[in-house]
Amino acid sequence: MDSPCIYTGRMQLFLLILCVWTLGTRPGHLTSAQPAACPWEDQDLEKWSEPTTWPSGKIPEENDIIIIPSGKKIILDTPIPRFLSLTIDGILVWGNVDGIRMETSYILVKGEFHIGSEECKFEKTADIFLYGKSNSPETVTSFGRKFIGAAEGSKLEIHGKEKRSWTKLVATVAPQCQPLYDAKDNQEEKKVKGKLGIYVNVWSANGTSLGLFTYRLKGHNTERVLTNLANRLKHIPDGKIVSIAVLKSMGPTSDQFNELYLAIESLGGAHIRHVGENEPYVLLSETGKPECAMEKHTKRYVDSEGGLEAAVTYPHGEMVFKAISYSDVVLNNDQVNFQVFTRNAAFPKLNLLHDVTSWQPGDEVVVSSTDFNWRQYEVKTIVSCRECQPNQIRVDGGFKYTHFGEVTYGVDERAEVGLLSRNIRIEAELQKHCYSHSAHEKYLCSLFHRDTFGGHVMIRRGSWARIEGVQLNHMGQQSLLGSYPLHFHLCDDVHGQYLRNNVVRDSNSRCFTIHGTNYLDASGNVCLNHLGHGVFLEDSVEQNNTIRHNLVIGTTYGTLLFTDMHSDWCPVKQFCGLLASYWITHPNNAFTDNAAAGSDGSGMVLTFSDRPLGPSLMRMKAKGLVREFSTRYMKVGEFARNAMHSNHLSGLWFDSRISSGEMSNNQFIPQNAIMGLSKYSPRDRADPKGRLVESVLSDLTMYKNEERNSWIRCGNIVIANSSFADSPASYVAAHTIDGTYCDVRNSIFIGETDNKGEPFTYIFGDEQFQNLSKKDRPRHTFDRSIAGHPNFMISGVQFYQGPVYLHNCYFDQFENKFYNDSFIKTWGIRPERPAAAITFHPNNHYPMIPRNGVSNLKFGFCDGEHNSFRVMDGNASTPWWNVFDGTGNVMFRDYDGSLTGRKDAQIVQDRPFFTGNRCLRKPDWGLSICPYKYFLLVVRGKTGVLKNKYKGKTPILIRRDDYPQDVYAQTGKTAHKFNLRVFKSYTVYFNSSVGPAPRDIQFRPRFGLEKNEVVRFAVCLPKSTTNFTIYSKYPELNPKKNLFPHWAKSLKQLDKDKTMKVFYWDKANGYLYFKMKSQYSLRSLGQVCPGDVCLDVNINRNGGGDEPAVCDAPVKPLRMKDRTRVIKNLRCKGPDSPKGLGAPIETGFVTLTAAESSETCT
């Protein structure tokens, strides 16, 4: 039995008056009891509406400047006119009255301003509208224009209705189903194409179309057409669904139209008589029930621009009928359409992780993208749903994109769903056209093409502020520093103050800012679309703040700082382009349970300044609190359970430094510009003399970040219990301070999950197809989204520099795919998507640290099975791979044999310089597995070919003496570093075609060459050299201390030496021989030299000329007994389990509905 029509407030946008569902309180909804002591119950409050309240004896009028004097306590109990400004020296309490709207250019709080309280939330609606332009005369020193400001000594308490701020899907939402009926797809499509007049579509209750009729009400037969139409409408039987739409115009109206008007009004069309030229109008009604009609008329005003639309949706049983009329007079684009959907298609049901009974019909929600493109987020309005469980809602209109709602391969890729509606709203006026009163504003108009001068809320030092449950729209001022939607400005310690469960939407500058402020609680806020960094720690001094459970979507480039400015807008490109949804400039804060769900830059950036920035520098100096470089040495406070996805660059970026306005490499770097690499190395106390400790980032989830999931500059940074998936590279770590390292523990890496995203069509642009037009080139459509280029190698971990370690990590779904074999015949190519669990950085100039390594690895696949590989190296034929010094010198160690089956096996490049006869070649990997140990040799000098001007010109060549055919060469663009085997001998040559032989040479073994391991060098030098001065740290050789080397008379004598103090100069052949060995072993992960005793041999060549060194005589290899065993193929025992690894999965609302799949179109 149909229920009566019940209308709800705030539904005008969609007019969803449900004639077949009862609209009432949803199951599980709890109404909070109102405490006895609410601010508006204070008996001492004087009413705004009483003339006696005001010194003038008059209630404030429009355009007044209002000042509430000190000592006055006033309650706002009535609607008020627009006024110029409001200054509160006394106390103003917003009354418990619904629908009051305050319009003013600013509100300056010097006393107290209350809207609800922490114990007694304001439950009705309240609106504050800030108006004005960037040159408006209404301005206040230290606050500016269009603001709500809390001055020193003031109190600002705003407490909106308590609602869950955001949750997640627990079932995937599919794109909108096709309508059961669509007039544009119908055989009568020609009837809805461009003819002005009235269109009528009639359906039976089950959605069957009974006819689409067009009536042109212009011309000589207008009277007859009007009569026919009126008669048709009058004689439609009860129980049918009738839709009426006006396209462009009904024609010139007259008394003849009265019969038609009456017929339409009998169906419930109350506004048909007021429809003007080019004004869209639609009506949907069930005959016999005019009280249930759904009607929309969009008026065109003088300043109306662009297209106008009128659309209504009419639910009836399991069917939903929709009518649309659209008019664009500029583009001469006018159209109508009628559609029928199933209820599930028209009002999709969302299954959510938590109880959302605080969300009500009319509220708006945002569903985040779960694909690479964050702009696939969608905003929907909640509609009534009688049968919904406490963790379910229905929304108006189908979805354009897929929003994933599942845990896939152990990774939580469920879309966030944020509530955008609050009952207290603060909105700033924006002009329809971009304007400028300065050259800078003109520049902003050229970038953004809209007004970016919104409002702002500023809390200054010495005030008290708690703001929760507030919706802020169009706030922030892009032209000015310090004018942000929510801003704690130089407040020092603010124990007990907070920003909670607010919404910042369409901001012109950031989301919320913590500036020179400590101990603030910023929790449960939702940010949608803003220019510049989102959650913003401004001066690299902010500490002990709690940033918890915030959701940020839609971070785009701004202009206020170099760091959040697009590099194309930047005066010096390397200063700019580090945009972040969460801009974290001090390590000592707590960032937990947040989501960075879409940025044109990165999701979360941790980057610090060595000195306080901006006004904080002088403030900290005055307090004696400036400790230069302290941010380098301070542990990260807490960084846990954060999710980063759908960001254009990285999910997580932990690198770089912020300039405080200083010189670097003979260049001045302006304040707030990006400056070089991170030099982070946390200590147990924040100074360089402290003991190195780890900063642990835990329980993180990263997926679908377009460039990479994470980039870390290794400074004892540990990522633990985290999940990575669906990105070209999930984890890349670079070297920073010697003695530090990176480590990933107990984590999951998945190549490609079931979260496919949107299909992607790739059109080949290779050089061989450049002569073809775009339409004629080969193309392939993937069934999933692709980041960047489909031929880019997908990897879980990219080893790069180091030291980097993986402990107890799981890998799965890294499959090489030849994705279109038909191209072999048609185009002569076989395109591939390469993938492997572990790969190497494709653009690495730095030879890899041989101590990089893995232990207790787990895999969900056997190596080679289904063309899936655990490790893979690139080469010159690999797309996007460059042959540099680093890419030609890759290796890492399998510490426990979990990868290769051999404890301490080394994975190296498959060339004789690195391998030996006991290695196992892995052609599919492009590598070999060897039982040998390696170390990194660093060669330095300041003369001859070792001068900086010869960098990049291949000044050094090295041969392994037992395999001299394989000469190893590096360009030396960044340094001269070579990975060498222990218990071997090498000959070092200086490239005579590049420059003269050096006079000084330093040999520095690093990251290996441990106790009882030895290596021998022969250095080719000009035979005219008279003698050498030798310095060595171990054993100590120093002529100034009369500690001289012993000179052997033969190579045989040198080889027998065990002291490492013996050198041999073979003058006849031009070789200087010496050996190196340590008496210590490496103990800690970041240790550079065994026992922290670094072996350095410094050779100064004396006498003789600088002629090219020519050494043709073969060098006899160092003979050491090889006690290693041959490496054999590891037998796969089957897939491992990821149980207990990765980021924890929140289960949330436990109910049967959590397991429901998405509803279908039926």
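The following is a conversation about how particular labels in this predicted model are justified.

Biologist: What kind of model is this, and how are its residues and side chains treated?

Modeller: This is a predicted model, in which local features need pLDDT of at least 70 and side-chain atom pairs count only at pLDDT 80 or more, while totals for chains, interfaces and linings use all residues. Residues are numbered from 1 along each chain as its sequence is written, and side-chain values use heavy atoms, with hydrogens and water left out.

Biologist: Why is the pair Asp42 and Lys73 called a salt bridge?

Modeller: A salt bridge is defined as a side-chain nitrogen of Lys or Arg within 4 Å of a carboxyl oxygen of Asp or Glu. The closest N and O atoms of Asp42 and Lys73 are 2.8 Å apart, so the pair meets that definition. The pair links distant parts of the chain, with Asp42 in the segment before β1 (46-47) and Lys73 in strand β3 (residues 73-76), 31 residues apart. Strands here are DSSP runs of E with at least two residues, and helices are runs of H or I with at least four residues, numbered from the N terminus. The structure holds 61 salt bridges.

Biologist: Are Asp42 and Lys73 buried or exposed, and what makes them so?

Modeller: Buried means under 20% relative accessible area, exposed means over 50%, and partly exposed is in between, with a 1.4 Å probe and protein chains only. Asp42 has 29% relative accessibility and therefore counts as partly exposed, and Lys73, with a relative accessible area of 23%, is likewise partly exposed.

Biologist: How do you know that Glu118 and Arg500 form a salt bridge?

Modeller: Their closest N and O atoms are 3.9 Å apart, a value that still satisfies the cut-off, so the pair is counted as a salt bridge. Glu118 lies in the loop between β8 (112-115) and β9 (126-130) and Arg500 in strand β34 (residues 498-500), so the contact ties together parts that are 382 residues apart in sequence. Glu118 is partly exposed, with a relative accessible area of 29%, and Arg500, at 27% relative accessibility, also counts as partly exposed.

Biologist: What makes Arg500 part of a network?

Modeller: Arg500 also forms a salt bridge with Asp521, where the closest N and O atoms are 2.9 Å apart. Asp521 sits in strand β37 (residues 521-523), so this pair ties together parts that are 21 residues apart in sequence. Salt bridges that share partners join Glu118, Glu157, Arg466, Arg500 and Asp521 into one network. Asp521 has a relative accessible area of 17% and is therefore called buried.

Biologist: Why is Arg510 called buried, and what does it touch?

Modeller: Arg510 has 1% relative accessibility, so the label of buried follows from the definition. Arg510 lies in the loop between β35 (503-507) and β36 (512-518). Counting contact as heavy atoms within 4.5 Å, and leaving out residues up to four places away in sequence, Arg510 touches residues including Tyr484, His530, Phe536 and Asp564.

Biologist: What makes Val329, Val330 and Leu331 a nonpolar surface patch?

Modeller: Patches are made of residues with over 30% relative accessible area and no salt bridge, where nonpolar side chains (Val, Leu, Ile, Met, Phe, Trp, Tyr) are joined within 5 Å and like charges within 9 Å. Val329, Val330 and Leu331 make such a patch of about 310 Å², with accessible areas taken from the Shrake-Rupley method with a 1.4 Å probe, and for residues only the protein chains shown counting as cover. Val330, in the loop between β20 (319-328) and β21 (333-342), has 67% relative accessibility and therefore counts as exposed.

Biologist: Which residues form the positive surface patch?

Modeller: Lys1052, Lys1056, Lys1116 and Arg1119 form the positive surface patch. Lys and Arg count as positive and Asp and Glu as negative, while His and the chain ends are not counted; the place of a charge is taken as NZ of Lys, CZ of Arg, CG of Asp or CD of Glu. Arg1119, in the segment after β84 (1097-1102), has 64% relative accessibility and so counts as exposed.
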